[in-house]
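Thanks for making time this morning. I would like to walk you through one model, and I will keep to what can be read from its atoms.

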Amino acid sequence: MKIDILTLFPDMFNGVFSESIIKRAIDDKKVEINIINFRDYTLDSHNKVDDTPYGGGCGMVLSCQPIFDCVKSIRTSESKVIMLTPSGKVYKQRMAYDLSKEKHLIILCGHYEGFDERIKSICDMELSIGDYVLTGGEIPAMILIDSITRLIPGVIEEESHLIDSFNDNLLDYPVYTKPQVYEGMEVPSVLLSGDHKKIDEYRESERIRITRENRPDLLEK
Ligand code: ADE
């Protein structure tokens, strides 16, 4: 998969893709990530990429021209263009699975008061990572790319994402490692029993318990 990130702050991405699983996925050529500064596409003599909003109001709005020209120069019939905005549909694990099957993602990171509305005409989807407002789309882009890349076949063992939280609207079960007792807290005895049927039943009931406690909205689905 190829991922192009359009941003005005390319340096924000320093580091995030050069560690751990994403780095390995890049090294193994499972994913190619390009960071493009869309200011390079502006035709404005002062290098501007934004302007004041029509109708008044605070802040600056990202203009059409640099983003249109940048997207036009990189998109192919296989590209999916994603706009990151707090007004988008809320991003979910299901979407991460669907997007992990795409060949080319183009991710637009906004800043300031947002994008000129007409930029939506060149996007396939508008996504928000949650009900809070960040200073820009860069951190949401990192979240999207991390959650999508780990699902690309061969990046991590398939078994480890089959049991991920959210796959079936249930959160993950609790896990323990050595020692068996830590500061008086014991590992549940069923996990030491060797009885795999009992362990599966325990884990399933823990998933339901934790989901009921932390995310009752998921159980209603
Ligand atoms: N830009 C600012 N806040 C955002 C959010 N919650 N999701 C996506 N993009 C954003």
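I will begin with the ligand site, move on to the nonpolar cores and helices, and end with a few single residues.

Before that, please keep in mind that this is a predicted model, in which local features need pLDDT of at least 70 and side-chain atom pairs count only at pLDDT 80 or more, while totals for chains, interfaces and linings use all residues. Residues are numbered from 1 along each chain as its sequence is written, and side-chain values use heavy atoms, with hydrogens and water left out.

So, which residues are around the ligand? Taking a residue as near when one of its heavy atoms lies within 4 Å, the shell consists of Leu84, Thr85, Pro86, Leu127, Ser128, Ile129, Gly130, Tyr132, Val133, Leu134, Gly136 and Pro140. Eight of these are nonpolar, four are polar and none is charged, where Ala, Val, Leu, Ile, Met, Phe, Trp, Tyr, Cys and Pro count as nonpolar, Asp, Glu, Lys and Arg as charged, and the others, Gly among them, as polar. Strands β5 (79-90) and β7 (125-128) each supply at least two residues of the shell, and β5 gives the most, with three; helices (H or I, at least four residues) and strands (E, at least two) are DSSP runs, numbered from the N terminus.

Turning to the backbone around the ligand, a backbone N or O atom of Thr85 lies 3.3 Å from a ligand nitrogen, while polar backbone atoms of Ile129 and of Leu134 each lie 3.0 Å from a nitrogen atom of the ligand. The protein covers 96% of the 260 Å² of accessible area that the ligand has on its own, with areas taken from the Shrake-Rupley method with a 1.4 Å probe and, for residues, only the protein chains shown counting as cover.

Next, the interior. A nonpolar core here is a set of buried Ala, Val, Leu, Ile, Met, Phe, Trp, Tyr and Cys residues joined through side-chain atoms within 4.5 Å, and buried means under 20% relative accessible area, exposed over 50%, and partly exposed in between (1.4 Å probe, protein chains only). The largest core has 29 residues, of which Ile3, Ile5, Leu105, Ile107 and Leu144 touch the most other members. Helix α4 gives the most to this core, with five residues. A second, separate core of 20 residues includes Leu8, Phe38, Leu108 and Ile119.

In helix α2 (residues 64-74), the buried residues are Cys64, Pro66, Ile67, Phe68, Cys70, Val71 and Ile74, and among the elements covering them are β1 (2-7), β2 (32-37) and β6 (104-109).

Now the single residues. Is Ser147, in helix α4 (residues 138-149), buried or exposed? Ser147 counts as buried because its relative accessibility is 15%, and a polar atom of its side chain lies 2.9 Å from the backbone oxygen of Ile143.

His111 sits in the loop between β6 and β7 and is likewise counted as buried, at 13% relative accessibility. Its side chain makes a polar contact of 3.1 Å with the side chain of Glu138, a polar contact being a pair of N or O atoms within 3.5 Å, where within protein one must be able to donate a hydrogen and the other to accept it, and residues adjacent in sequence count only if both atoms are side-chain atoms.

Finally, Glu183, in the loop between β8 (181-182) and β9 (185-186), counts as exposed at 67% relative accessibility.

Key:
Contact = heavy atoms within 4.5 Å.
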